Amino acid sequence: MEPPRWKTAVVSAIAVFPISLLAAAFLTPRLTGLPQAARSAVFAVLFSLLMTYVCLPLVTRALRRWLHPSR
């Protein structure tokens, strides 16, 4: 059974937050010479990969009892 959408949104926000902080601190200063479209493409690719393969699996595993309380 799928968790409610609001719980999925909370999990996504928890996963996005550290990626956003790290990108702002470390990636943005290194990409200032690129055109805006290229910077956006780099962010989109990195965010997608990190969310899909790193952050969401970790956060979902950590919050599995909250997401699926009946299991």
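These legends accompany close-up views of a predicted model.

**View 1. The whole chain is built from helices.**
The protein has three helices and zero strands. Along the sequence, the pattern reads α-α-α. Helix H1 covers residues 5-27 and helix H2 covers residues 36-62. Helix H3 spans 64-67. Along the principal axes, the C-alpha atoms fill a box of roughly 50 × 20 × 20 Å. The radius of gyration is 15 Å, whereas a compact globule of 71 residues would have one near 11 Å.

**View 2. Burial and contacts across the protein.**
Of the 71 residues, 17% are buried. The protein exposes about 5400 Å². Carbon and sulfur atoms supply 70% of that area. Among contacts with a separation of 6 or more, 73% join residues 24 or more positions apart.

**View 3. Seven residues form the largest nonpolar core.**
The members are Val11, Ala15, Ile19, Met51, Cys55, Val59 and Leu67. Helix H1 and helix H2 each supply at least two residues of this core. Leu67 is a core member that also touches residues elsewhere in the sequence. Its contacts, leaving aside neighbours within four places, are Pro3, Lys7, Val11 and Thr60. Of these partners, Val11 belongs to the core as well.

**View 4. A nonpolar patch lies on the surface.**
Val45, Leu46, Leu49, Leu50, Tyr53, Val54 and Leu58 make up the patch. Together they have about 640 Å² of accessible area. Val54, one of the patch residues, sits in helix H2. Its relative accessible area is 36%. That value falls between the 20% and 50% limits, so Val54 counts as partly exposed.

**View 5. Lys7 is a buried lysine in helix H1.**
Lys7 lies in helix H1. Its relative accessible area is 10%. The cut-off for burial is under 20%, so Lys7 counts as buried. Lys7 touches Trp66, Leu67 and Pro69, not counting residues up to four places away in sequence. Leu67, one of these partners, is part of the largest nonpolar core. Lys7 and Leu63 are 56 residues apart in sequence. Their C-alpha atoms are 9.8 Å apart in space.

**View 6. His68 is buried after helix H3.**
His68 is found in the segment that follows helix H3. Its relative accessibility is 19%. Burial requires a value under 20%, so His68 counts as buried. His68 is in contact with Met1 and Pro3, leaving aside neighbours within four places in sequence. Pro3 also contacts Leu67.

**View 7. Arg5 is exposed in helix H1.**
Arg5 belongs to helix H1. Its relative accessibility is 77%. Exposure means over 50%, so Arg5 counts as exposed. Lys7, in helix H1 too, is buried. Arg5 and Tyr53 are 48 residues apart along the chain, and their C-alpha atoms are separated by 20 Å. Tyr53 is one of the residues in the nonpolar surface patch.

Key: Residues are numbered from 1 along each chain as its sequence is written. This is a predicted model: local features need pLDDT of at least 70, side-chain atom pairs count only at pLDDT 80 or more; totals for chains, interfaces and linings use all residues. Side-chain values use heavy atoms; hydrogens and water are left out. A nonpolar core is a set of buried Ala, Val, Leu, Ile, Met, Phe, Trp, Tyr and Cys residues joined through side-chain atoms within 4.5 Å. Buried means under 20% relative accessible area, exposed over 50%, partly exposed in between (1.4 Å probe, protein chains only). Helices (H or I, at least four residues) and strands (E, at least two) are DSSP runs, numbered from the N terminus. Contact means heavy atoms within 4.5 Å. Patches are made of residues with over 30% relative accessible area and no salt bridge: like charges are joined within 9 Å, nonpolar side chains (Val, Leu, Ile, Met, Phe, Trp, Tyr) within 5 Å. Accessible areas come from the Shrake-Rupley method with a 1.4 Å probe; for residues, only the protein chains shown count as cover. A salt bridge is a side-chain nitrogen of Lys or Arg within 4 Å of a carboxyl oxygen of Asp or Glu. The radius of gyration is taken over C-alpha atoms; the globule rule is 2.2 Å times the number of residues to the power 0.38.
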